[in-house]
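Colleague: I'm new to this one, so could you walk me through a single part of it, slowly? The part I'd like is the place where protein and DNA meet.

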Amino acid sequence: MNIEELSGLPPGALEHFRSEGIEELYPPQAAAVEAGATEGENLVAAVPTASGKTMIAALSMLSAIERGGTALYIVPLRALASEKKAEFEAYEEFGVDVGVTTGNYESTSEWLATKDIVVATSEKVDSLVRNGADWLSELTCVVSDEVHLIDDRNRGPTLEVTLAKLRKLNPQLQTVALSATVGNADEIADWLDAELVDTDWRPIDLQMGVHYGNALNFDDGSTREVPVEGSEKQEAALVRDIVQEGGSSLVFVNSRRNAEAAARRLGQVTSRELTDDERAELVELADEIREDSDTETSRDLADCVERGSAFHHAGLSSTQRSIVEDAFRERLLKVISATPTLAAGVNTPARRVIVRDWRRFDPSAGGMAPLDVLEVHQMMGRAGRPGLDPYGEAVLLAKSHDESQELFDRYIWADPEAVRSKLAAEPALRTHVLATIASGFARTREGLLEFLEATLYASQSTEARRLESVTDNVLDYLERNDFVERDRSGDADDAGAFTSAADLASGGRSEDLEATSLGHTVSRLYLDPMSAAEIVHGLEDADERPTALGLYQLVSRTPDMYELYLRSGEDEKFGELYYEREAELLGDAPSEFEEERFEDWLAALKTGKLLEDWVEEDDEEAITERYKIGPGDLRGKVDTAEWLLGAAESLASEIDSEWTVAVREARARVEHGVSEELLELVSVRGVGRKRARQLHGVGIEEPADLRNADKSVVLGALKGEKTAENILENVGREDPSMDGVEPAESAAAKTAGSNGEDTNGDPTAATESDESQSSLGDF
DNA sequence: ACAAGGAGTTTATAGACAGCATGTC
DNA sequence: CTATAAACTCCTTGT
C-alpha cells in the first residue's frame, strides 16, 4: 500500500512521511490500516520488533488527532518514553503537540491537557487515573506499547488494570495494542474487542542459527565457518568474524559479572579492528564515563570502551547507559555484552546477536531455569540494522551436538509462550483493589468484581472463583488496616428481601465499599497498601523522635523497595549492627528464629545503612565498593528512598504523627546526600553535597552567610570563579562578581560573614574522610 | 626463592515503575 | 533438586 492511499491524516503528515523516505507501507502496516487503524478501530498488532510498529501507532494517533481527538502512548520504561517522545516530536512540524510524563518528568495535568500526544509509563497513567486527571476522559486513542508485558508478575497487572480503566472511562476509546509476537495474540484481541494483525514479517531478513564447534548452522540449512582459534571463546570468534566485515554485535549473558568479564575479553578482539579516528573518539567517551562517576564499575567500563567494547546492565548509571547505547548506534562501539535489560530497552540493533546464556539463575526454580522463548526472541529480534545491514543474524551457542539440537527445538523452531494475566495475585490486587475503590470505579463488592470482569484475567480464567476469593482476602486486609470501610448497613436498609442473584452466589455479602481518608492518600501516593501499613505502624510505634537510620530501615523493608541481598557472612555483620542500633529501629523486629523474616529485616537494615552512609556524605566510590553495587544501583536506591520518604511524610501528616518533621528532614537529607548541618546550604541552587561541605568547612553554614561572607573565602572553598559567581547570584547577593578576588586559603579562613555564629571551626571539616573511616568501622 | 601455571574449590547469580516540586560538581 | 563462569586457594612446576 502506498501512503498516498491513506486518508484522514493531518495535512502535512504525508509530506512529512515522504521526506523521511517512506512511500510504501510495510505489509503489517497496510494490514493495520485495512483493519481500520486510521478509522478509530481497536487493533492488536503482534509483530516482531523493528517491523514498523511505531508507524502503526503513529497512523492511529494522527488520524485520531485529525478527527479532533487526543492520544496517549503508554510505554513500559522511562527511557522508552523519552525515545518515543523524540520520535513523535518530528510531527510538531505539522502542528502536532507532544508531551511526556513519567515519575521524574515535570508535568501538570493542565499542561498535559494541551497536548495532542502524551507519552507516559503505565504506572504514571495509572497514577493519573487515580488522581482523577480530567483530560483522560477526553482521550480518543490509546496506544499500549509492548503489551505482552501484561505477563509480567510485578508490573503486568498495572498495565492490564489501567487499560481496563481507560476503556471504562471512555467507551468510545480506540485501543491500539502493540505486542511482540506471542502465542495468544488472538486472546488479547478478544479481550480488547480488537482486530488482529499477527505476523512474523520483518523488513530485514533474520537468520537464526546455532554455533557449535567451528560452524554456524542456520535455520534455512545454510552454514558458515566460524572457527574458534586457540583458547578463545565461541562468542569471541563470532564477534571477530562480524567485526572484520564491518558489523557490530550484541552478546546477551545471564549476569552482570559475566557481562563485564565478556566485555573485557571481547575488548581484545575489537581493539585490533579500530581505526585511529575511532580510537580517539572512544578515548573521549571513556573519559566521559569516568567523569560521570568515580567508581570501579565506571573505570572498568571506560577501560573496555577504549577498546571498542562495552558492558551494559542495571548497575550502570543512566548516563552511562545512554553513552554506551548511543556509541553503539553510531557504530563506534563494536560490541556490547549485556544482561537482558538491553533487549527490552531502547532501540540498539546489531548485525549479529549472540545469545550466549540461555539459562538463568532462578531461586524459585531451585537453580538454573531456561529463558522463555519470548525473551530469547526479543533478544534475537535486535539483529539487523534497518538500512545498514543486508540481514540480521541471531546466534545461540552450543557446546555439544545434543545441545545444538535442543536449542533449535527449544528456541528457533518454537513459538513464543502465551501471555497470561497475573492479576489474581494478592500483591497486585491489594494495590489495584484499593485504587479502584478510592477512585470511584467501584463502590460495592459486586461493582468491584464486575470491574475486574473487564480485565484480561477474567477473559482467560477458567477458575472464576479464584479472583473472587483473592479479592475477598484483599478486602479483609484493606479493612483491617483502615484503608477501606465496608458499610454493611445496606443490608439492613434495603430490607434483605431483595437479595440479588449475585448476592446469593457470593454468600449474601452485599456491602458498600468506601476508601477512608488514609486509603485515598495511599492510593494517590501510589504506594502499595502494605508499604503504607508498614510505615504507619512504624511511625505510630515510635516513642521518641525517629533517627535517620530508623526511618531508612523502615522504608527499606517496605515491598516498594527492592532490597539489597545479604551476601555470605553479612548476616553476621548486620546482626551485630542490629544489636548495636536496635533501639533506633521502628516497629517490632521478627524473632531471630523466624529465619526468613529475620533475614529480610537485616537486609532492610543493610539498605537502610547504605542510605545512612549516603547522608553521612560517604562518597559514591566508597559506597559502591562497600556494598558491591554499581553507581546505577546506588542512585536507584536513593531515588526510591526519596520517593518513599516523601510518601511517608504525607502519611505522617495524615495520621497526625508528631514525627512529620523528622521524616521530612530524613527525606531532604537523602535527596541531597548530606548531614543535617548542610541542609540549609544545599537549598541554594548550584550547591550540592560536595560544595556545601566545602563551604561549611570555611564557616559558611547557611545561605545568609553566603550573602555576607568574604568573597575570597567563598572562592577559596569553591575553586572556579564561574561557579562561585553563579552561586552568589543564586543566593541573591548584590555584587556576585569575582573580578580581582584572590581565593583565601581554606584552612586559614575561619569564621566568615557577620552573623558571628560559632562554627565549631574544625579546619579539617572540609574532608569527610574522618566520618567515612568511622562508619567503615561498622563493617 | 619465587613466579607462573594448573587443578580443585567456592561463590554468586536480571530488572527498575511511582509523589511532589525544581536544579549536581 | 536442574548450571556455570569467575574468583579464589592451594599445590606443582620451572627458572
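Modeller: Here is a look at the surface around DNA strand B. Keep in mind that this is a predicted model, where local features need pLDDT of at least 70, side-chain atom pairs count only at pLDDT 80 or more, and totals for chains, interfaces and linings use all residues. Residues are numbered from 1 along each chain as its sequence is written, chains are lettered from A and ligands numbered from 1 in the order in which they are written, and side-chain values use heavy atoms, with hydrogens and water left out.

Around DNA strand B sit 42 residues, and the closest are Gly 103, Ala 314, Tyr 562, Gly 688 and Arg 689 (near here means that a heavy atom of the residue lies within 4 Å). By class, that surface has 17 charged, 15 polar and ten nonpolar residues; Asp, Glu, Lys and Arg count as charged, Ala, Val, Leu, Ile, Met, Phe, Trp, Tyr, Cys and Pro as nonpolar, and the others, Gly among them, as polar.

Several elements supply at least two residues each, including H6 (122–130), E15 (359–362) and H31 (689–697). H29 gives the most, with four residues. These labels are DSSP runs numbered from the N terminus: helices (H or I) have at least four residues and strands (E) at least two.

On the DNA side, 54% of the strand B atoms within 4 Å of the protein belong to sugar or phosphate, and the rest to bases. The side chain of Lys 124 has an N or O atom 3.3 Å from a phosphate oxygen. Bases take part as well: a base nitrogen is 2.5 Å from an N or O atom in the side chain of Tyr 562, and a base oxygen is 3.3 Å from a polar backbone atom of Trp 643.

Notes. Polar contact = N/O pair within 3.5 Å; in protein donor to acceptor, adjacent residues only side chain to side chain.
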